[in-house]
Amino acid sequence: MKKAARQDSRTVLDFDNISFSYAGEPTIENVSFAVQKGDFLGIIGPNGAGKSTLFKIALGLEKPTSGSVKLFGKKQADFSDWHRIGFVPQKVQFDPNFPASVFEVAAMGLAQKPGLLMLSDEQKCAVKEALHEVGLENQADKRIGELSGGQMQRAFLGRALVAKPDLLLLDEPTTGIDSQQQEKFCCLLERLNKAGITIVIISHDLTFMSYLVNKVICLNRRVFFCGHPKDISKSGALPKAYGHAVHAITHDHEHGA
Amino acid sequence: MLELFSYTFIQNAFFAGTIVAVICAVLGLFIVLRKLSFMTDGIAHASLAGIAAAIALKADVLLVTGTVAFLAALGINRIREKMKISGDAAIGLLLPVGLATGIVLLSLAHVTSVDLMSYLFGSILAITSSDLQFIVIFGAIVLVAVAVLRKQMFYIAFDEDSAKASGLPVSAINYVFFGLVGITVVLALRVAGIMLVSALMIIPPLSALQLKKDFTTTLVLSAAFGILSVWVGIIASYYLGVATGAAIALSSFALFLAASAAKRLKL
């Protein structure tokens, strides 16, 4: 991917020559790629490939050893429009007995916004809208710990959507969810992408990815492949990145971006 | 029973006790949810160093103890953040240091055990007008700060990592939170004492949590349980002639048992 192409105004996320070491061990080496507005990008790679670390670097939770990240054209350190980014982590570590309703969890996505004690009417509408989007409007008063795994992930997606983000970062959002729930989740993501939200998703599941995304990056410390999912098998990148033969059932379809 | 309220010291006790009960229960809920319950005891014990220093130097006890408790609370957060030590271990580190410093200072100042009793077990009935002023001012500061930061503190208590990822200044909010806990513990010392402070900060939120409601309702219930504990404790201590701090602690526990029973009976 050429530098000039990465710097246009449609670039929402730009990793430029990122390297990262953990306890002296390099986990990411010279990774560069950009995400354009409207992209539905999948990141695949084996365990420990540095996929989640990339998200952490983008969100400022980890500092790269070298290289830089730009969010919506601004250096990560200078970026302040965090409501433009929605993030769903791989596993939300919370106590299932935590006294929070689904509505309150979704409303956490507005914690950046000022306001004393209660939400404004406009904020309440935004929360209801986000819960409607993820199909949980009828579960709003339920405690979060009472939801199924799939519903919980949708609630966290609702939290990420409530501030109406332009970019969604999803770290293995379907882990531990049954196939039926996974399918519902995928339909929802496709709808959100068609509505104009740029999505970057990390997953282990190559088949799942190929049905969903219009661009895929294969990562294991460094980028082995960046392109359309249908081209990944013939590129020979998968066995190189995974260190063994990997068979990917890819699905050739076009997305709106 | 109305004759009880004709005494100024009882009026002061009810007024101060109600304010302290509310701030303790509200902040206490965040403490319990963040699994830092040991923290109130840690700060209370560490504040003995402040009490000892104030007695030894003949300085204002609330002011010196407040400063020490505030610094101890911030110290716990700093150790937790910078040294990557868990919250309970950081508390365990500071607790004996504060307690030991207090004992050494008291030994050097030849303080009698009588001076200490009110700080160990509280003396809500001895609250003076200036104590009350102090409690009202700092209680209002704590409540306003919680009102401003409620959404953010709720998010951090639920899932600190996601709160950081959403761009919230989690570290700064944590320092404010721990500082508020330090102030609150000192205000609670006058009511319940070092040994019983958790009766106001931990038991009411635990009682509210038994009822399995959403966060806002739990917060209100927590404050209600705290107020009820103080009121029942003061009235019981007056009529039974027992120590007020202990009566408050026991009434708080009785309410916890009642809430647990209500949960079992699905009331």
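## Interface and sheets of a predicted two-chain model

B:Asp159 forms a salt bridge (Lys or Arg side-chain nitrogen within 4 Å of an Asp or Glu carboxyl oxygen) with A:Arg159, and the closest N and O atoms of this pair lie 3.5 Å apart. The model is predicted, so local features need pLDDT of at least 70 and side-chain atom pairs pLDDT 80 or more, while totals for chains, interfaces and linings use all residues. Residues are numbered from 1 along each chain as its sequence is written, chains are lettered from A and ligands numbered from 1 in the order written, and side-chain values use heavy atoms, without hydrogens or water.

**The interface between the chains**

Between chain B and chain A there are two salt bridges, out of 10 found over all chains in a search of the whole structure. In contact terms (heavy atoms within 4.5 Å), 26 residues of chain B meet 31 residues of chain A. The area buried between the two chains (accessible area, 1.4 Å probe, lost on being put together and summed over both) is about 2400 Å², with carbon and sulfur atoms giving 62% of this area. Of the area that chain B buries against chain A, 31% is supplied by B:Lys151, B:Phe158 and B:Ala165, more than by any other three residues.

The two chains also share 12 residue pairs in polar contact, both residues being at pLDDT 80 or more (N or O atoms within 3.5 Å, one able to donate a hydrogen and the other to accept it, with residues adjacent in sequence counted only if both atoms are side-chain atoms). Helix 7 (129-158), helix 8 (160-165) and helix 12 (215-240) of chain B each give at least two residues to the side of chain B that touches chain A (helices, H or I, at least four residues, and strands, E, at least two, are DSSP runs numbered from the N terminus). Helix 7 of chain B makes the largest contribution to that side, with nine residues. By type, the residues of the side of chain B that touches chain A are 11 nonpolar, six polar and nine charged (Asp, Glu, Lys and Arg are charged; Ala, Val, Leu, Ile, Met, Phe, Trp, Tyr, Cys and Pro nonpolar; the others, Gly among them, polar).

**The sheets of chain A**

An open sheet of four strands in chain A has the order 2-1-4-5 with antiparallel pairing (two strands pair if DSSP finds at least two bridges between them). Strand 2 (25-36) and strand 5 (74-75) of chain A are its edge strands, each pairing on one side only. Strand 1 and strand 2 of chain A form a hairpin with two residues between them, and A:Ala23 in the turn has a positive phi of about 50°. Helix 2 (residues 51-58) of chain A lies across strand 1, strand 2 and strand 4, running at about 115° to strand 1 of chain A (angles, 0 to 180 degrees, are between N-to-C directions of lines fitted to C-alpha atoms, for helices over the stretch in contact).

A second open sheet, of six strands in chain A, follows the order 6-7-8-3-9-10 with mixed pairing. Because strand 6 (85-88) and strand 10 (222-227) of chain A stand at its edges with a single partner strand each, one side of each is left without a neighbour in the sheet. The twist from one strand to the next averages 15°. Helix 6 (residues 179-194) of chain A packs on this sheet, where it touches strand 3, strand 7 (167-171) and strand 8 (198-202), and its direction makes about 145° with that of strand 8 of chain A.

Pairings in chain A:

| Strands of chain A | Sense | Bridges | Opposed residues |
|---|---|---|---|
| Strand 1 and strand 2 | antiparallel | eight bridges | A:Phe15 and A:Phe33 |
| Strand 1 and strand 4 | antiparallel | five bridges | A:Asp16 and A:Ser68 |
| Strand 3 and strand 9 | parallel | four bridges | A:Ile43 and A:Ile217 |

Within chain A, A:Arg221 forms a salt bridge with A:Glu25, the closest N and O atoms being 3.7 Å apart. This pair links distant parts of the chain, 196 residues apart, since A:Arg221 is in the loop between strand 9 and strand 10 and A:Glu25 in strand 2 of chain A.
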